[in-house]
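This report looks at side-chain packing in one protein chain and at the state of its cysteines. Please keep the sequence and the model in view while reading.

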Amino acid sequence: MLFICYPKCSTCKKAKKFLTDHQIEFDERHIVEEKLNKDELKALYLKSGLPLKRFFNTSGNLYKEKHLKDVLPTLSEDEQLELLSTNGMLVKRPILETKDKVLVGFKEDQYKELL
C-alpha cells in the first residue's frame, strides 16, 4: 500500500494512526516534498473511479487564493491534472493506494473495508 500524505495535516494523522493501530503495512510519501506528477495523478484518478474534482483540496488556502472553484469548470481534464501536479498542497489528502483501489481523504468505514 502507498499512503500519500502531508504529515502536518490532521486528517492524514488520523488516517496514519488508523493504519498503524490496525498493523497495516504501507509505504509513506510526503506529497509536498515528493509531488505526484501528471501521469501518477492520472493513474490514481482512473483507478479511483472518482470524479477528478475530488482530487482537489477544496478547503486549502491555495485552492481559495487561485479561485479554483470558478476556474476548474473551464479547464480540460488534462489541464486539471497538470494543475494538480504543480503543487502537492492542491491535492486532497491523504490518498491511499492499494493493489486495486484508491481512496481519497479519510473515512474510517472505507479504510475498515480494506481490512
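## Contacts of Leu84

In this predicted model, Leu84 is in contact with Leu41, Leu52, Phe55, Phe56, Leu90 and Val91, once its neighbours within four places in sequence are left aside. Leu84 is also among the residues with the most contacts inside the largest nonpolar core, together with Phe55, Ile95 and Tyr111.

## Helix H5 and its packing

Leu84 is one of the buried residues of helix H5, which spans residues 77-86, and the others are Gln80, Leu81, Leu83 and Ser85. The buried residues of H5 pack against two helices, namely helix H2 (38-48) and helix H4 (68-71).

## The largest nonpolar core

The largest nonpolar core has 35 residues. Two or more residues are given to this core by each of strand S1 (2-5), helix H1 (10-21), H2, helix H3 (61-65), H5, strand S3 (95-97) and strand S4 (102-104). The largest share, 4 residues, comes from H1.

## Cysteines without a disulfide

The structure holds 0 disulfides. Cys9 is in no disulfide, and the nearest cysteine sulfur to its own, that of Cys12, is 3.4 Å away. Why is the sulfur of Cys12 not in a bond with that of Cys9? The closest cysteine sulfur to that of Cys12 is in Cys9, and the distance of 3.4 Å is too far for a bond, because a disulfide requires the two sulfur atoms to lie within 2.5 Å.

Both cysteines are buried: Cys9 has a relative accessibility of 13%, whereas Cys12 has a relative accessible area of 2%.

Notes: Residues numbered from 1 in each chain as written. Predicted model: local features only at pLDDT ≥ 70, side-chain atom pairs only at ≥ 80, totals over all residues. Heavy atoms only, no water. Buried < 20%, exposed > 50% of the residue type's maximum accessible area, 1.4 Å probe, protein only. Contact = heavy atoms within 4.5 Å. Core = buried A, V, L, I, M, F, W, Y, C linked by side-chain atoms within 4.5 Å.
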